[in-house]
Each structure stands twice: as structure tokens, then as C-alpha cells.
Amino acid sequence: MSSSTITELEQEELLEKSEVFKIKGRDKHGRKILRIIGKFFPARLVSVDVLKKYLEERIFPKLGKKKFAVLYVHTGVQRSENFAGISFLRSIYDAIPANVKENLEAVYFIHPGLQSRLFLATFGRFLFNAGLYKKLRYVSRIGYLWENVRRNEVEIPEFVYDHDEDLEYRPMMDYGLESDHARVYGTTPALDSPVTTYSMRCIS
């Protein structure tokens, strides 16, 4: 089954029922949280046009004109099921109104895999504007998320906690909020700070 086999209305209803996008809670800076659960996204059933319309009509207006943060849960995302693809993501990013982009102040990326880190480090700056990288924070463990987000205000699915437990048996995985910038360019983040931002140098 694909997006061409179900109507646009059915696609919108599917997005609504799956709760891929949900605005609830705030981080410790008082910013609204837009939670995105990657595993819930029906990538093979929803077209890019329907997703744009859904975001424009049901999500962006709820954010208002205030600053906000995105909480993206990458846990359990599979290319064959719920990964939309690079061109899809780029078209969605380009469709975001300028005022919404300006009000986005932080992106908390939960459980980033090695492939997603390498992809962003290699191709991210060609797909998104440079300002986005300054706002991106990798979160390898849920426990570190609560240093920046109000715990009792955000709903995290149980499978995310289960994955967290699994990672405890994989010592090669990194802990906490960290930066690929330190790895790519050989710099070292401050030892007394668990939060560092991801950024890319513009190569001329």
C-alpha cells in the first residue's frame, strides 16, 4: 500500500491518529515542545503534499508566534517502514514558514544512530540552513533529556525507555547530550557541561 492507494483525507486522519506530531509541555527555558515520534510516521502511506497541508493547518498555528523547541524521537526508525527519505525531508523543511523557522530555538534528537550522525555531518549542510546545526542537540539517553525538558510535561513512549535499557549493554555508545563537531574537527567540549550543540563549519 502507498499514498496513491488512500485518499488525502484518509492520509490526514492517519497522521492525526498516529500522533506523530504533538505539541505538549515545555522545556526548562519555557519554550513549547513539538514532539515528533519518527517510528509512528507512516512514510509509505502519506504524500509530501498531504504532510505539508497537515503541518500548515493543524500544527504550525498551534505554535503561535512564540519560541519553541522540537523533541525528535529517532528510536525505532527503519528505512523500509517509517523513514521518509532525504528529498521528502528537504521539501518539508523548505515549506516551513520563515516565522516558524525563526522561532525554533532547539532540536533535541533522541537516540541518534551512527548512520544519522554521519549523514548529518556529511550532507546536512547541503540540505538545511547552517543555523539549524547550532540548535541541534543529540540525546543518547533519556535521563539526560530531563536536564533540559520538564519531565512531567512530556510523554515518552515505553519503547523508548526499553531501548535506553538495551543501550546500557552496548558500552561503545555515547552518553548524554553531545556534539559531532568535536569528533569531526578534533575539538573537545567542556568537561563540566553535559550539553553541547552540533554545528558545521562552512567550507568555502
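## E158 and its patch

With a relative accessible area of 55%, E158 is exposed. The cut-off for that label is over 50%, so 55% is enough to qualify. Keep in mind that we're looking at a predicted model here.

Where does E158 sit? Its home is helix α8, which covers residues 158-167. E158 also has company: together with D162, E165 and D166, E158 forms a negative surface patch.

## P61 in helix α2

Over in helix α2, which runs over residues 48-63, we find P61. Is P61 buried or exposed? P61 counts as exposed, because its relative accessibility is 51% and the label calls for over 50%.

Now for the neighbours of P61. Leaving aside residues up to four places away in sequence, P61 touches L55 and E56. Then there's V100: 39 residues separate P61 from V100 in sequence, while their C-alpha atoms are 9.5 Å apart in space.

## The whole protein

Zooming out, the fold has nine helices and six strands. The protein has 204 residues, and 44% of them are buried. As for the outside, the accessible surface comes to about 11,300 Å², with carbon and sulfur atoms accounting for 54% of that.

How do the contacts spread along the sequence? Take the contacts between residues at least 6 apart in sequence: 77% of these join residues at least 24 apart.

Technical notes
Residues numbered from 1 in each chain as written. Predicted model: local features only at pLDDT ≥ 70, side-chain atom pairs only at ≥ 80, totals over all residues. Heavy atoms only, no water. Patch = residues over 30% accessible without salt bridge, like charges linked within 9 Å, V, L, I, M, F, W, Y side chains within 5 Å. Areas by Shrake-Rupley, 256 points an atom, 1.4 Å probe, with all protein chains shown as cover. Salt bridge = Lys/Arg side-chain N within 4 Å of Asp/Glu carboxyl O. Lys, Arg positive; Asp, Glu negative; His and termini not counted. Charge placed at Lys NZ, Arg CZ, Asp CG, Glu CD. Helix = DSSP H or I, 4+ residues; strand = E, 2+ residues; numbered from the N terminus. Buried < 20%, exposed > 50% of the residue type's maximum accessible area, 1.4 Å probe, protein only. Contact = heavy atoms within 4.5 Å.
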